[in-house]
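Colleague: I'm new to reading models like this one. Could you walk me through a few of the words people use for them?

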Amino acid sequence: NELQGDGYPVSALVEGIGRVAAVLPAPNNELLTKLAALADLAPTSEDEAIVRAAGEALFNWLVVEPVRTHLRLAWARAQRDGEGLRLRLSIDATEIAAWPWEALHDPERDHTFATSAATPLVRYYDQANHLRGLVEQQAELPLHLLLVLPAMADLDLARERSGVEQVAASFTTHLRVHALDGIVRRTDLADALLTADYDILHFSGHSAVVDGRGYVALNLRDGRPDWIHSGTLAQLALSHKPIKLVMLNACGITRGDDGRAFQGLAPQMVRSGVPAVVTMHFPITDEAAAIFAREFYKRLCAGEDAGQVDLAVTYARGMLAALHNGDHSWAAPVLYTHAADG
């Protein structure tokens, strides 16, 4: 909850066990310093110690008694029953919500929640406005995906498109892809959404924050960037009711991309009715973005848990951690959702 007095009220609810409450102290300098060190890492930095330190500091600040005992009880019950433990973070305070919770690490168990299929971690909104019914969160196969890849001279988005199309080729009954790449103008995107029904909207490219407002780059007629307010992208997506999932992938490391452009947009889209939005807490390299997209859609389409977005995100994070060993790109993907079961 929002800051009240000298601390942040927190409660932990476990189905079948109950709810406990506590007050988190104001963040101390040690925690803030570790979070700042993580935020200052370049996308290609390989410093696991900084990521681990920030994740452990977040855990120790958040998981105080009696919340810690509650977590241990829930975890023990899940392991006893051979089940997983889904962590749903509902954070009202914007300054706290902006922290990299996906790095959360339990030092006692040496466990990073966001990369383990046993403990998927999501940003959850249980009081979103104008939510669609649960039946409308489901989609019939094949899923139809609109891949939006505006032309940018310093981005290699062909690899990302190729990876997604390879998944679609392997799962023809599950996923079909229509790509808008090259020169992508506002009218091109609007027309594509108007003339076909899509379940997934995937945007990859540059984002930026100017005077506190988020912007994303499409193209002008001559190919130059057309910086549009991120809310415009939200309006286009929200006017297209069939969309169940939005992927906002800020990538590239040469233009000062800023993940904050999507940090406010993603929760806004979920509150307005989009069941799930995946975005990046900070920019990652073109290669990492391509790996995440490929592995995410592969897991979304395959297995007995196909269709569960939280498990697909968790799997893709784990693959990033394995294939990009050493850097912190795995901590960038964030899932916002109002689907309680993923």
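Modeller: Happy to! Let's begin with pairing: two strands pair if DSSP finds at least two bridges between them. Please keep in mind that this is a predicted model.

Colleague: How do you know that β11 and β12 pair?

Modeller: Strand β12 covers residues 225-229, and 5 bridges join β12 to β11. Pairing needs at least two bridges, so β11 and β12 count as paired. The two strands run antiparallel. One bridge is easy to find in the view: alanine 217 has tryptophan 227 in β12 as its partner.

Colleague: What lies between β11 and β12?

Modeller: The two strands form a hairpin with 5 residues between them. Look for glycine 223 there, which takes a positive phi near 95°.

Colleague: How do you know that β10 and β11 pair?

Modeller: The test is again at least two bridges. β10, residues 207-210, has 4 bridges with β11, so this pair passes too, in the antiparallel sense. Serine 207, for example, is bridged to valine 216 in β11. β10 and β11 also make a hairpin, with 2 residues between them. In that turn, aspartate 211 has a positive phi of about 55°.

Colleague: Why is β11 called mostly covered?

Modeller: A residue is buried if its relative accessible area is under 20%. In β11, residues 213-219, 6 of the 7 residues are buried, so the strand is described as mostly covered.

Colleague: Now the pockets. Which residues lie nearest the centre of the largest pocket?

Modeller: They are Ala12, Leu13, Leu87, Arg88 and Leu89, out of 48 lining residues. This pocket has a volume of about 1,600 Å³. The strand β1 (7-14) is among the elements that supply at least two lining residues, and β1 gives the most, with 7 residues.

Colleague: What makes part of that lining nonpolar?

Modeller: Residues such as Ala and Leu count as nonpolar, while Arg counts as charged. Sorted in that way, the lining divides into 29 nonpolar, 8 polar and 11 charged residues.

Colleague: How much space lies in the second largest pocket?

Modeller: About 560 Å³. It is lined by 25 residues, and those closest to its centre are Gln137, Gln138, Ala139, Gly307 and Val309. Elements that each supply at least two residues of this lining include α11 (286-301) and α12 (309-323). The lining has 14 nonpolar, 7 polar and 4 charged residues.

Technical notes. Residues are numbered from 1 along each chain as its sequence is written. This is a predicted model: local features need pLDDT of at least 70, side-chain atom pairs count only at pLDDT 80 or more; totals for chains, interfaces and linings use all residues. Side-chain values use heavy atoms; hydrogens and water are left out. On a 1 Å grid over the protein atoms alone, a cavity is a set of points where a 1.4 Å probe fits but cannot get out, and a pocket is an open set with protein on both sides within 12 Å along at least five of seven lines; lining residues have an atom within 4 Å of a point. Grid points are joined across faces, edges and corners, and a volume is the space filled by probe spheres set on the points. Buried means under 20% relative accessible area, exposed over 50%, partly exposed in between (1.4 Å probe, protein chains only).
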